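I opened the notebook to look up a few points in this structure and to write down what I found for each.

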Amino acid sequence: MRLVTLRAGFVAAILLWPFGAKAADYALILSNRSYDNAAAEPQAASYDSWTKMLRGAGFQVFGGQDWKTEDMIRSVEEFRLTLNEGDADRIIVMLSGRVVASFNDSWLLGREYRGLSSVNAGRYGLSLAELIRILETHQGHGLMVVAPSWSSREGAGAGLRVGALTLAEAQGVAVMTGPTGMVEPVVRDALLAQNRPLGRIARNLPKGVVLRGYLPDDIPLGRGGDGRADVVPQSDAAYWSAARDIASVEAYRAYLNRFPAGLFATEARRLIDAMENEPRHQAEEEENALRLTRDDRRQLQQDLSLLGFNTGGADGIFGRATRAAISSYQTSRGYADTSYLTAQQRGRIQREAAEVRVDQERQDRAYWDQTGAQGSIQGLRTYLDRYPNGIFSQTARRKLDEMDRNRSEEAAWNRAVQQNTIAGYRGFVQAFPNSRYVAESRDRIARLERRNADLAAIEKAKTEERAIAGNPVSRLMVEQALSQTGFDPGPVDGIFDNRTRGALKSFQQSTGLAVTGYVSQQTMVGLTREMSR
C-alpha cells in the first residue's frame, strides 16, 4: 500500500508539470533616490540602469523612481495582477532607497514620508514582507533584490532601525541584499548572462552581498536553463509528494537530504520542527494548566535547587536556567525531556524535596546539640559556619550579638571608671541605656557634681577670706570668736592651721553654711552674730 502511494505521488507530480508552456519574465523595479524632506540618495539604484539591463534580458518591467507610497502600491497591485493572469517564469523584484525595519517587517519608504515611527511606517512605506508573500505564490520563480541606502545622519524613527530586517525564508523564494553597486553585477553577469543556478551564485558572492532562501544548485531561476528544467523540478515535486504521503520526520529529512535547497525545503523544516516539538508543546500546555503562581514557581525553584538541580536563583521566573534544571531533573528520573512540568512531576519534586528537608532538619538539630547549644562563642560560630541559614541560625546570631554587646559594655565601663569624669559616665549611659551599671553611673555623676560644687564654693570662700581676714588682726578676731562660741581653734595667734580650719568647718556646718574651712563673708557675719549674743 505504501509503495502504491509513493508511485501515485510521483506520477501525479509528473502529470501536473506543464510541458511546453511558453512563460514570460517579469520585473518590478522601485528605486527612490529623491525624498521631499531629505537630501538625495545617490547610493540608491538607478531605475533606468536596472530597466535597461532587465529589458535587455527579455523582462517586462513595472515600477518607477522617486515615487510616493501610493504610487508604489498601485504599481505593486498592477504587478500582482499581471503575474496572476500570465504564466510567469522568472520574476525579479528590485527595491532600493531608504529602508527601515521594526521587529517584524521592513519598508521601502515613499518620497513623502515624515514624522516616521513604527506606528505609521506602513503608511509611508511599502512592506517587504507583503512582496515576499506575492513571490511565494510563484514558488521557485521569484528573486527579491533589496539594496538599502541611507546616507543621511537622520534617525529612522521611534521603534525603527535603518536597513532591512533579515527577512524570514518563504517557500520557494530567494532574497538577495547588499549595496546596489555590488548586487547589480551579480544579477547582470551571474544570473542573467550566465543563467547560473542561485545555489551556485550564493557560493561566490562578493563580501557585503547576502543571498538566502530557495537556492537550488542544479536549476536556474524559473523553468529555463540547460535542458534539465523539465526533469529536476518534477523529481523535487514527486519526492515531496511521497514525503507528504508518509508524513514522518524521517521522510521529511530524506527529502531535505536529497533537496537541501529544494522547492519545499522550508515547509519540510517547519513540519519537522512541529512534529519534534509536539511533546514539548503538549507539556507546555499541561504546565500552563497547573496555573502556577509566582510563589508556586519560586517554591519549585527552591525544591529543585535543594535536590541538586541549579535554577540560578528562586525569583519565580522560569527562565533558561530553570528550564535547564527541569530538563536535567526529567532526564535523571526517566521522564521525557520537555523542560515543562506535569502535575505528576511537580508532586514528585515536592515529595522528594520534603524528604530532603526532613533529613536536613534532623542533621541540623543534631549539629546544634553538639555545637551552639553549649552556648560558647566557638560553638555558636562553628554551627553558623555549617548552617548559616539553619534552624538555629537566628538564635546563634542573637547570642553572639549579646556576647559582643556584653564584652563591649564591660570594656566601656572600665574606661569610664578609669576616667572617673562626669562626661565619661554620661557617655557610658548614652551608649548602654539598659546596662546594669547605669544606676552606679548616675550615683558617681551626682558625687562628682557635688564635689565640683564644693570645690567651687571653697575657691569662692578663699577669695573672700583674703578680702575680709587677710591680716593678722582680723585672723585673731576670727580665732577669738570661734573660741568664745565653743569651737576650739587652737592657740589664738592669728595663724590659720589645720585645727583652725577644722573649727571653721564645724562652725559652718552647725550654722548651715557652706562647709569650706575658709572665712567667707557669710561665715564672718555668722561669727559676729554669735559673739553679739
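How do the residues of the lining of the largest cavity divide into nonpolar, polar and charged? I note before answering that I am working with a predicted model. I counted 7 nonpolar residues, 3 polar and no charged in that lining. The residues concerned are G140, G142, P197, L198, Y214, P216, I219, P220, L221 and G222. My search of the whole structure found 1 cavity of 30 Å³ or more, and about 50 Å³ of space lies in the largest cavity.

Next I looked up the sheet. I found 4 strands forming an open sheet in the order β6-β5-β4-β8, with antiparallel pairing. I see that β6 (125-127) and β8 (161-162) stand at the edges with a single partner strand each, so one side of each is left without a neighbour in the sheet. For the antiparallel pair of β4 (residues 99-101) and β8, I noted 2 bridges, and I found R161 in β8 as the bridge partner of A101. I then turned to the helices, where α5 (residues 128-136) packs on the sheet and touches β5 and β6, its direction making about 40° with that of β6. Helix α3 (residues 69-85) lies across β5 (106-109) and β6, and I recorded about 30° between α3 and β6.

Last, I checked E287, which I placed in helix α11 (residues 278-289). Is E287 buried or exposed? I entered E287 as buried, because its relative accessible area is 2%, where the cut-off for buried is under 20%. Leaving aside its neighbours within four places in sequence, I found E287 in contact with L292, R297, F318, R323, S339, Y340 and L341.

Methods:
Residues are numbered from 1 along each chain as its sequence is written. This is a predicted model: local features need pLDDT of at least 70, side-chain atom pairs count only at pLDDT 80 or more; totals for chains, interfaces and linings use all residues. Side-chain values use heavy atoms; hydrogens and water are left out. Two strands pair if DSSP finds at least two bridges between them. Contact means heavy atoms within 4.5 Å. Axes are lines fitted to C-alpha atoms, for helices over the stretch in contact, and angles run from 0 to 180 degrees between N-to-C directions. Buried means under 20% relative accessible area, exposed over 50%, partly exposed in between (1.4 Å probe, protein chains only). On a 1 Å grid over the protein atoms alone, a cavity is a set of points where a 1.4 Å probe fits but cannot get out, and a pocket is an open set with protein on both sides within 12 Å along at least five of seven lines; lining residues have an atom within 4 Å of a point. Grid points are joined across faces, edges and corners, and a volume is the space filled by probe spheres set on the points. Ala, Val, Leu, Ile, Met, Phe, Trp, Tyr, Cys and Pro count as nonpolar, Asp, Glu, Lys and Arg as charged, and the others, Gly among them, as polar.
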